[in-house]
Every structure is written in structure tokens, then in C-alpha cells.
Amino acid sequence: MHAGYPIMMHVSSARKLVKPQKARKKGIWGAIHELGHNQQRGAWEFPPHTTECTCNLWSLYIHETVLGMDRKRVHAAINPTSRKKRAARFLKEGTLGAWNVWTALETYMQLQEAFGWEAFKKVFATYRHMKKVPKGNKGKMNLYAETFSRAVNMNLAPFFKAWAWPIKPAVEEKLAELPEWTTNPMIKPSS
């Protein structure tokens, strides 16, 4: 399969899309992943890190809200054990170069678990009306961190920095006026 208009796939894969009962049992991750590519926007994409990541936000959303599946069952890469290992490994040795696909998706999943799908809807709605968006990843990542922080009225700069995002001191200063996210899942436990 691959993203096209709206999606391109072999006929054998297409059959799964028209069998909703089977989709509710086994999921249709690949098809929704490809449709998710059609929803990605350059303003909040950070290639190559998020190219194969943020399209999975739609896979998660559709599986949970439309198909009624628990996210633990929708893809082997996002079972609780894999997620915990990935986050721990990243905290120990992660750099922005290692932040991609499933590791990057963990960032977004942690935000969704803390703030819900409504926060993403609010963030994406804000982006629809933005006039000036930086061209490079560093500027776009700072804009996203600030936009999400304002959407949930919480300082998320430490969270994004833990995921190796290049958060600028000026953005940290702006976000310091917001309440601290005390349940940030990326805070390293004190030894």
C-alpha cells in the first residue's frame, strides 16, 4: 500500500476495508496509516523524523474511536512492553537522530494519553489559521512545542527537550509562564 489519492493498494488488501466486523477484530492499521499520510501537513511535520510517524496518529484515532479497539491490540509495536522499553532506551541514550517512526510516535502517544484527542484537534485547528511557519525543523519543532503547550495551558518544554527536540531558550522563557506539567512521563526518576 501507499498514499495516493486517496490510497493505492492491491485488490486483496482492499477487501479488508469493506468488512467492518473483521476490521473491528483484527484492525486495518496499514490502510489507515496510508490514509494518514494524506492528512500530514508540512507546518507540523519534521522530515525525516515524522514522515512515517504522524500518519499513525490517524491509525490510532480510527482504531480507538471508530473501530473501538484498545490501542494495546492494534499494532505489535505499541504494546505496553515495547513502548516502555523504547522510552527508557531513548531517555538513556537518545538523540534527535534516533527520534523517528515508533520512537517519535511514543512522544505523540504520551501527549494524547495525558491531554486527549481534543488537544490534537485544537492544535491542528490552530495550524490551519497560521500565516507564518518556520521553514526548518528546528523552528517548526519550537512552534509545535509552543502551540501544544498553549493548547493544553501547560509548559511542555521539558517534555519535548527530554525527547531531544531543539527547544530554544526564548521558547522556554515564553512557556515558563504556564503551569509545569508535573506528571510528565519523561521526567527521569531521581537516583
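**Pocket, helix 4 and core**

Student: Which residues lie nearest the centre of the largest pocket?
Tutor: In this predicted model, local features need pLDDT of at least 70 and side-chain atom pairs 80 or more, while totals for chains, interfaces and linings use all residues. Numbering runs from 1 along each chain as its sequence is written, and side-chain values use heavy atoms, without hydrogens or water. The pocket (an open set of 1 Å grid points where a 1.4 Å probe fits, with protein on both sides within 12 Å along at least five of seven lines) has lining residues with an atom within 4 Å of a point. There are 13 residues in that lining, and those nearest the centre are Gln39, Trp44, Trp58, Phe120 and Phe124.

Student: Which element gives the largest share of that lining?
Tutor: Two helices (DSSP H or I runs of at least four residues) give two or more residues each: helix 4 (55-66) and helix 7 (101-128). With 6 residues, the largest share comes from helix 7.

Student: OK, helix 4 then. What covers its buried residues?
Tutor: Start with who's hidden: Cys55, Asn56, Leu57, Ser59, Leu60 and His63 are buried (under 20% relative accessible area). Just so you've got the end of the helix too, Gly68 follows helix 4 and has a positive phi near 70°. The cover over those buried residues includes helix 3 (29-37), helix 5 (71-74) and helix 7.

Student: Which element gives the most to the largest nonpolar core?
Tutor: That core (buried Ala, Val, Leu, Ile, Met, Phe, Trp, Tyr and Cys joined through side-chain atoms within 4.5 Å) has 48 residues, with Trp99, Tyr108, Phe120, Tyr144, Phe148, Phe160 and Trp165 making the most contacts inside it. Several helices supply at least two residues each, among them helix 3, helix 4, helix 8 (137-152) and helix 10 (169-175). The most, 11 residues, comes from helix 7.

Student: Which tryptophans does Trp99 touch, leaving out residues up to four places away in sequence?
Tutor: Contact here means heavy atoms within 4.5 Å. Trp99's partners include Phe46, His49, Thr50, Phe90 and Met141. Ala104, Thr107 and Tyr108 are on the list as well, and the tryptophans are Trp163 and Trp165.

Student: How far apart in space are Phe159 and Thr107, C-alpha to C-alpha?
Tutor: Phe159 sits in helix 9 (residues 157-162) and is buried, with a relative accessible area of 1%. Leaving out residues up to four places away in sequence, Phe159 touches Thr107, Gln110, Leu111, Trp181, Asn184, Pro185 and Met186. Phe159 and Thr107 are 52 residues apart in sequence, yet their C-alpha atoms are separated by 8.8 Å.

How values were computed. Buried < 20%, exposed > 50% of the residue type's maximum accessible area, 1.4 Å probe, protein only.
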